[in-house]
Amino acid sequence: MNAATGLSLAGVAAALVIMWANFRPWWKGGRDPKALIPFGAGWLLGALSTVCVGGALGWGAAGITGLLSNGSDTAVGSLVGTGPAALASARMGSLTPAGGIVVCGVLAGVVLLHRASGKLDRRRIIGGIVTGAVLGFLPGVAAQLGFLPDAANYVGAWGASLGNKGAA
């Protein structure tokens, strides 16, 4: 997955612009924590998708990263005449089968939130997914978010234990 993502500096910059465009209205407005839920839910799904190696979510995260990086490289090259600046990529960790069930639950929750949201919140969810997918491949961000797959694995193991034994 490291070489397949095609992560570039221009792609990361575009992801940061998307994140800024989502946080700026919240910061200038009332700063209601509930207003961050659409973007945050999408971001969580995008970040968790980076560890779904071999699955559709992992393929989608790598595809989003590649598309944003290639498009941003083209835009920067056309504007200033420079070439692409490739970046290293990494994963946060790995998922167990039980952790994969938790990620599927997060996916279902984000899909339901998307369907129940208005146009602006739907855009925020999509922006969160894109930003989480791109930034989730950065080695520094992946190192800091190493707890996410561990948390999904733990919750999944807890659920499996609850199902197998009837008590935690």
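Thr 131 sits in helix α5, which covers residues 119-136, in a model that is predicted. With a relative accessible area of 0%, Thr 131 is buried, because buried means under 20%. A polar atom of the Thr 131 side chain lies 2.8 Å from the backbone oxygen of Gly 127. If neighbours within four places in sequence are left aside, the residues in contact with Thr 131 are Ala 15, Ile 18, Met 19, Phe 39, Trp 43 and Gly 136.

Two helices can be compared with the length expected of them, as the table shows.

| Helix | Residues | Expected span | Distance between end C-alpha atoms |
|---|---|---|---|
| α1 | 20 residues (9-28) | 28 Å | 28 Å |
| α3 | 25 residues (56-80) | 36 Å | 35 Å |

For α1, the distance between the end C-alpha atoms agrees with the span that 1.5 Å a residue should give, and the same reasoning leads to agreement for α3.

Which residues of α1 are buried? They are Ala 10, Gly 11, Val 12, Ala 14, Ala 15, Asn 22 and Trp 26, and what covers the buried residues of α1 includes α2, α3 and α5. Ala 15, one of these buried residues, is also among the residues in contact with Thr 131.

In α3, the buried residues are Gly 58, Ala 61, Ala 62, Thr 65, Gly 66, Leu 68, Ser 69, Ser 72 and Asp 73. Their cover includes α1, α2 (37-49) and α5. An α-helix has 3.6 residues a turn, so residues three or four places apart point the same way.

What follows α3 along the chain is described next. Just after this helix, Gly 81 takes a positive phi of about 80°, and Gly 83 is found in the loop between α3 and α4, the latter being residues 97-116. Is Gly 83 buried or exposed? Gly 83 has a relative accessibility of 52% and therefore counts as exposed, for which the cut-off is over 50%. Although Gly 83 and Asp 73 are ten residues apart along the chain, their C-alpha atoms are separated by 7.2 Å; Asp 73 is itself one of the buried residues of α3.

The last region to consider is on the surface, where Tyr 154, Val 155, Trp 158 and Leu 162 make a nonpolar patch of about 430 Å². Val 155 belongs to helix α7, which covers residues 147-165, and at 43% relative accessibility Val 155 counts as partly exposed.

Technical notes:
Residues are numbered from 1 along each chain as its sequence is written. This is a predicted model: local features need pLDDT of at least 70, side-chain atom pairs count only at pLDDT 80 or more; totals for chains, interfaces and linings use all residues. Side-chain values use heavy atoms; hydrogens and water are left out. Helices (H or I, at least four residues) and strands (E, at least two) are DSSP runs, numbered from the N terminus. Buried means under 20% relative accessible area, exposed over 50%, partly exposed in between (1.4 Å probe, protein chains only). A polar contact is a pair of N or O atoms within 3.5 Å; within protein, one must be able to donate a hydrogen and the other to accept it, and residues adjacent in sequence count only if both atoms are side-chain atoms. Contact means heavy atoms within 4.5 Å. Patches are made of residues with over 30% relative accessible area and no salt bridge: like charges are joined within 9 Å, nonpolar side chains (Val, Leu, Ile, Met, Phe, Trp, Tyr) within 5 Å. Accessible areas come from the Shrake-Rupley method with a 1.4 Å probe; for residues, only the protein chains shown count as cover. A salt bridge is a side-chain nitrogen of Lys or Arg within 4 Å of a carboxyl oxygen of Asp or Glu. The expected span of a helix is 1.5 Å times one less than its number of residues.
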